[in-house]
Structure formats: C-alpha cells, structure tokens
Amino acid sequence: MNYRHAFHAGNFADCMKHAVLVWLLRALMRKPGPLFVLDTHAGIGRYDLRSSPAARTGEWRQGIARLLDDPPPALGDYVDLVRALGLYPGSPVLVRALMRPDDRLACCELHPDDAAALRRHFARDGQVAVHHRDAWEALGALLPPRQRRGLVLIDPPFEDAQEFAALTAGLAVGHRRFATGVFAAWYPIKHGAPSRKFRSDVLETGIRDVVAVELCLRAPVDATRLNGCGMLVVNPPYRFEADVPPILTALLDRLGDREPGEGVTMKRIVDE
Ligand SMILES: C[S@@+](CC[C@H](N)C(=O)[O-])C[C@H]1O[C@@H](n2cnc3c(N)ncnc32)[C@H](O)[C@@H]1O
C-alpha cells in the first residue's frame with residue numbers, strides 16, 4: 001500500500017468527489033428516516049494542506065484553493081462546509097458534519113497509520129465506527145445496514161490496473177446485499193478506454209438504475225496524467241441528473257484551464 005491520500009487532498013478530483021458527496025447526502029437527508037453511510041476507503045479524515053505532504057505536491061492549489069478564493073454559488077454548500085471545518089475535510093469528516101442524531105457512519109481504512117489516525121479523530125464519537133479492514137471484504141460484511149436507508153461511498157486509490165475490476169466486483173457484492181442502497185463509486189479518467197470498459201462492465205452485472213457523471217479538465221489522451229474523474233451512482237436520488245451537472249460545470253469553470261476537450265458529462269448507464 002503505497003498510496004497516501006495526504007499528497008492529493010484538496011485537488012480537483014477531491015473537490016469533484018466531495019461536492020457530489022455533499023449533494024447526495026443532502027438529497028438523502030430530505031427524508032426523515034435514519035441513514036447509514038459506509039465509507040469504504042476513508043483516509044484520515046482531515047488534511048493540513050499547508051504542511052507536508054500536501055504542500056509538497058501543491059495539488060490543492062489548483063483545487064480547493066481556487067474555490068475558497070471565489071466560490072461559485074452552485075458550490076456554496078460544499079465550500080461553506082470546508083471553511084467551517086477548518087483543516088481540509090476528507091469524506092468521513094464531511095459526512096459526519098452533515099449527520100443527524102440517528103444517522104450512523106462506518107469507515108474502513110486499510111493502511112494501519114491512517115486507520116489509527118481516523119480512529120483517534122472519532123474516538124469519542126458514538127455515531128461513527130472506524131474499522132481497520134479491507135473495503136472489498138467490508139462490502140460483504142457490513143451490508144445491509146439496520147437502518148435500511150444508506151449511502152455507500154467507494155473511493156479506491158487506483159494504485160494498479162486491477163482496481164476497476166475490483167470496483168465492479170465490489171459494487172456487485174454490495175448491491176446484492178443492499179439492493180436499495182445508493183452506491184457512489186469514484187474513478188479516475190486518465191485514458192478514456194478503462195473508464196469506458198468500467199461502465200460497460202457495470203452494465204454487465206445486471207445492476208439497474210445506474211448513472212455516471214464525469215468531469216474532464218482536458219481530453220483523456222495522455223494516460224500518464226489524471227485528466228478527469230467520474231462518479232458512478234447506483235440508485236441516484238431524485239434530481240441527481242438535473243442538479244449535479246450544473247454543480248460540476250461551475251467547478252470546471254473555476255478549476256479548468258480551458259484546455260481542449262474539457263467538459264462535464266452525465267451518462268445514464270442502466271435505466272431503472
Ligand atoms: C482516495 S483515498 C480515500 C480518500 C477519502 N475517501 C476522502 O475522500 O477523503 C483511498 C484510501 O483507501 C485506503 N485503502 C487502499 N486500499 C484499501 C482497501 N483495500 N480497503 C480499505 N482501504 C484501502 C488508502 O490507504 C487510502 O487512504
């Protein structure tokens with residue numbers, strides 16, 4: 001396990017993922033029933049962007065820094081949360097900030113140091129459980145939740161080429177156990193072919209009601225660069241397809257450098 005999220009926290013891909021995550025949580029919380037959130041690849045929860053290692057890569061300067069300077073109205077909800085939470089919040093801290101008293105969060109993190117850091121952060125929090133365990137195994141073990149309504153965020157590090165296949169298999173396992181859950185799976189777009197294959201592999205699983213929203217900073221032709229990223233969502237809440245593209249278009253307007261091929265797309269992969 002070489003991937004450490006601290007090098008990448010706050011970059012454009014994190015902003016995309018977290019802006020969609022906040023929209024999903026708000027949408028699910030429009031209903032009063034208690035919600036269970038499973039964050040399968042949770043990281044450490046909070047990141048100090050001004051010190052090493054985030055400062056070493058400086059990726060956040062082309063990401064969250066540009067939003068904090070001048071937040072577009074469509075991203076106000078997300079940016080206000082980032083401001084209010086102080087150190088740059090990762091997914092579990094964002095989720096926790098929005099949770100109501102009956103909601104629960106389970107986080108999995110496999111790196112021992114990161115799992116320990118996250119456990120310290122939530123040590124006195126009775127609504128959050130931190131598991132030092134493998135995400136793919138946890139999708140079988142922790143679902144379905146007692147609450148019956150839930151969001152599963154799957155955010156793998158994509159350290160190797162097998163991760164797309166693991167993600168498809170993980171979605172199939174999770175969905176078999178919790179067919180009514182909302183699943184949000186983040187994926188990188190370097191070259192177009194792997195993400196196209198991922199979308200068609202998900203189609204093959206037989207899971208229904210699947211959409212994917214993608215943001216590209218440039219045409220995905222140079223496979224050595226992170227040119228964009230996507231979020232594939234199973235059982236998207238009402239208005240996802242209408243509400244989320246304008247949020248990502250506003251994000252691209254701030255974070256993009258007007259390179260050829262930049263854009264936001266919403267694709268319906270499988271009908272309801
Ligand atoms: C992209 S980062 C997660 C960032 C986090 N979701 C956020 O938005 O703030 C991926 C994390 O998954 C962890 N990880 C890698 N393989 C894992 C596995 N099989 N099970 C659980 N965690 C894993 C890594 O240590 C890393 O912290």
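Helix axes are lines fitted to C-alpha atoms over the stretch in contact, and the angle between two helices is taken between their N-to-C directions, from 0 to 180 degrees. The model shown in these views is predicted.

**View 1. Helix α1 packs against helix α4.** Helix α1 spans residues 12–28. Helix α4 spans residues 76–85. Their axes lie 9 Å apart and meet at an angle of about 105°. Angles of 65 to 115 degrees count as roughly perpendicular, so α1 is roughly perpendicular to α4.

**View 2. Side by side: the residues where α1 meets α4.** From α1 come D14, C15, H18, A19, V22 and R26. From α4 come D77, Y78 and L81. By class, this contact has five nonpolar residues, one polar residue and three charged residues.

**View 3. The ligand and the residues around it.** The shell holds 20 residues. Which of them come nearest to the ligand? They are H18, H41, E109, D134 and D155. Sorted by class, the shell has six nonpolar, eight polar and six charged residues. H18 also belongs to the α1 side of the contact with α4.

**View 4. Polar atoms close in on the ligand.** The side chain of H18 has an N or O atom 2.7 Å from an oxygen atom of the ligand. H41 uses its backbone instead: a polar atom there is 2.8 Å from a ligand nitrogen atom. In D155, a polar side-chain atom lies 2.7 Å from a nitrogen atom of the ligand. How much of the ligand does the protein bury? Taken alone, the ligand exposes 610 Å², and the protein buries 96% of that.

**View 5. The loop between α7 and β6.** Helix α7 covers residues 135–141, and strand β6 covers 150–154. P144 is found in the loop between them. The peptide bond from L143 to P144 is cis, with omega near 0°. R148 lies in this loop too. What is the sign of phi at R148, positive or negative? R148 has a positive phi of about 70°, although R148 is not a glycine.

Definitions and conventions: Residues are numbered from 1 along each chain as its sequence is written. This is a predicted model: local features need pLDDT of at least 70, side-chain atom pairs count only at pLDDT 80 or more; totals for chains, interfaces and linings use all residues. Side-chain values use heavy atoms; hydrogens and water are left out. A residue is near a molecule or strand if one of its heavy atoms lies within 4 Å of it. A polar contact is a pair of N or O atoms within 3.5 Å; within protein, one must be able to donate a hydrogen and the other to accept it, and residues adjacent in sequence count only if both atoms are side-chain atoms. Accessible areas come from the Shrake-Rupley method with a 1.4 Å probe; for residues, only the protein chains shown count as cover. Ala, Val, Leu, Ile, Met, Phe, Trp, Tyr, Cys and Pro count as nonpolar, Asp, Glu, Lys and Arg as charged, and the others, Gly among them, as polar. Helices (H or I, at least four residues) and strands (E, at least two) are DSSP runs, numbered from the N terminus. Angles under 35 degrees count as roughly parallel, over 145 as roughly antiparallel, 65 to 115 as roughly perpendicular and the rest as oblique. Contact means heavy atoms within 4.5 Å.
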